[in-house]
Amino acid sequence: MSEQPTTSQRQGPGVVARYRRYLRLQRNYSPNTLEAYMRDLDKLLQFLRQEDIEPLEATLDDLRHFAAALYDMGIGARSQCRILSGIRSFYHFLLTDGYIDNDPTELLESPQLGAHLPEVLSTEEVDSIEAAIDLSKWEGHRNRAIIETLFSCGLRVSELVNLRMSNLYLEERFLRVMGKGSKERLVPMSPRVITELGYWFEYRQAMDIKAGEEDYVFLNRRGAHLTRTMILIMVKRLATEAGIKKTISPHTFRHSFATALLEGGADLRAIQAMLGHESITTTEIYTHIDTATLRREIEEHHPRNILSHHSPTNPSE
């Protein structure tokens, strides 16, 4: 075991530098392998920074939330396994070099490889989750608007937490998001999601919002924008309260959105464009689909729009 780290070395940059040196000198990794490990570690460090968590203080739950975030970002199972393997290596180093007393990755699970399909929620199950929300609490309408936005618009959780008021075009029934690779796209909004947002905005207007946070759509009780971990915890809690037995995350609503459209007969390319996906086997086929086509696909095939024509739901019921 190497010498114990000093207090200054325990700070973030010092830890990372020592880990890099460990991989290069003690593990004798090639430059390419070394850089791959560091890139994967950087994903964790960025996540922890956003959640205001020090790497040396991260718990098993924090790392599970990170693993869930990898899934939500659309990272494949094999890549998730590789990243989590690198995270285990990092915490093993921290343990053996005396930075931490317990390894939080000891019980950290990796995703199963193989033909495992992600869970999908039916419209009825989404309704049951929304019905489980206590609207007497200040955050009730916010949480309901969050669930409906995830399901009706198919957003990534990172897109949801960064959604701005200035990106909402309620009269035109569109919202604008900046997706992966800084690619912007317009997403049609169903009447249901506009209604739920309207209820939330009534509460939001009365909030004491932090300086610099005024443009974020979804806020916590302190008037600051939400984090991905907050959304993950909220979604899992609501699913449990609704009696949903499936293992779900915020990404489940995105997958359910796409599945509902596909089963309703929507064009696959329109769905891919709506989600902001770029398949390895395709090029720029999505960029030629105009917003009018996208709106028509959503309005004709998404269950929220179909149901809205017949029996509008009163969110206060």
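These legends accompany close-up views of a predicted model.

**Figure 1. The whole chain combines 13 helices with three strands.**
The chain has 317 residues, and buried residues make up 47% of them. Its exposed surface comes to about 16400 Å². Carbon and sulfur atoms supply 51% of that area. Among contacts with a separation of 6 or more, 60% join residues 24 or more positions apart.

**Figure 2. Helix α3 is largely enclosed by the rest of the structure.**
Helix α3 spans residues 60-72 and has 13 residues. From first C-alpha to last, α3 reaches 18 Å, close to the 18 Å expected at 1.5 Å a residue. Buried means under 20% relative accessible area. In α3, 10 of the 13 residues are buried, so the helix is largely enclosed. The buried residues are L60, D62, L63, H65, F66, A67, A68, A69, L70 and D72. Two aspartates, D62 and D72, are on that list, as is H65. After α3 comes G74, with a positive phi near 85°.

**Figure 3. Several helices cover the buried residues of α3.**
The cover includes α2 (31-50) and α4 (77-96). It also includes α7 (157-161), α9 (228-241) and α10 (250-263).

**Figure 4. A36 sits in helix α2.**
Is A36 buried or partly exposed? At 24% relative accessibility, A36 counts as partly exposed. A36 and R82 are 46 residues apart in sequence. In space, their C-alpha atoms are 9.7 Å apart.

**Figure 5. Three strands form an open antiparallel sheet.**
The strand order is β1-β2-β3. At the edges stand β1 (168-169) and β3 (184-188), each with a single partner strand. One side of each edge strand is therefore left without a neighbour in the sheet. Two bridges join β1 to β2, residues 174-178, and this pair runs antiparallel. L168 stands opposite L175 in β2.

**Figure 6. Cysteines C81 and C153 are both buried.**
C81 has a relative accessible area of 17%. For C153 the value is 0%. Both values fall under the 20% cut-off for buried residues. A disulfide is a covalent bond between the sulfur atoms of two cysteines. A search of the whole structure finds zero disulfides.

**Figure 7. The largest nonpolar core has 47 residues.**
In soluble globular proteins, nonpolar side chains tend to be buried together. Which residues touch the most other members of this core? They are I147, L175, F218 and F253. Helices α5 (123-131), α6 (140-153), α7 and α8 (191-204) each supply at least two core residues. So much is also true of α9, α10, α11 (268-275) and strand β2. The largest share, six residues, comes from α6.

**Figure 8. F253 touches residues from several stretches of the sequence.**
Leaving aside residues up to four places away in sequence, F253 touches L121, V126, I129 and I147. L150, F151, V235 and I248 are also touched by F253. I147 and F253 both appear among the residues that touch the most other members of the largest core. Apart from that core lies another, of 31 residues. M38, A58, I87 and L108 are among the members of this other core.

Methods:
Residues numbered from 1 in each chain as written. Predicted model: local features only at pLDDT ≥ 70, side-chain atom pairs only at ≥ 80, totals over all residues. Heavy atoms only, no water. Helix = DSSP H or I, 4+ residues; strand = E, 2+ residues; numbered from the N terminus. Expected span 1.5 Å × (residues − 1). Buried < 20%, exposed > 50% of the residue type's maximum accessible area, 1.4 Å probe, protein only. Contact = heavy atoms within 4.5 Å. Pairing = 2+ DSSP bridges. Disulfide = S-S within 2.5 Å. Areas by Shrake-Rupley, 256 points an atom, 1.4 Å probe, with all protein chains shown as cover. Core = buried A, V, L, I, M, F, W, Y, C linked by side-chain atoms within 4.5 Å.
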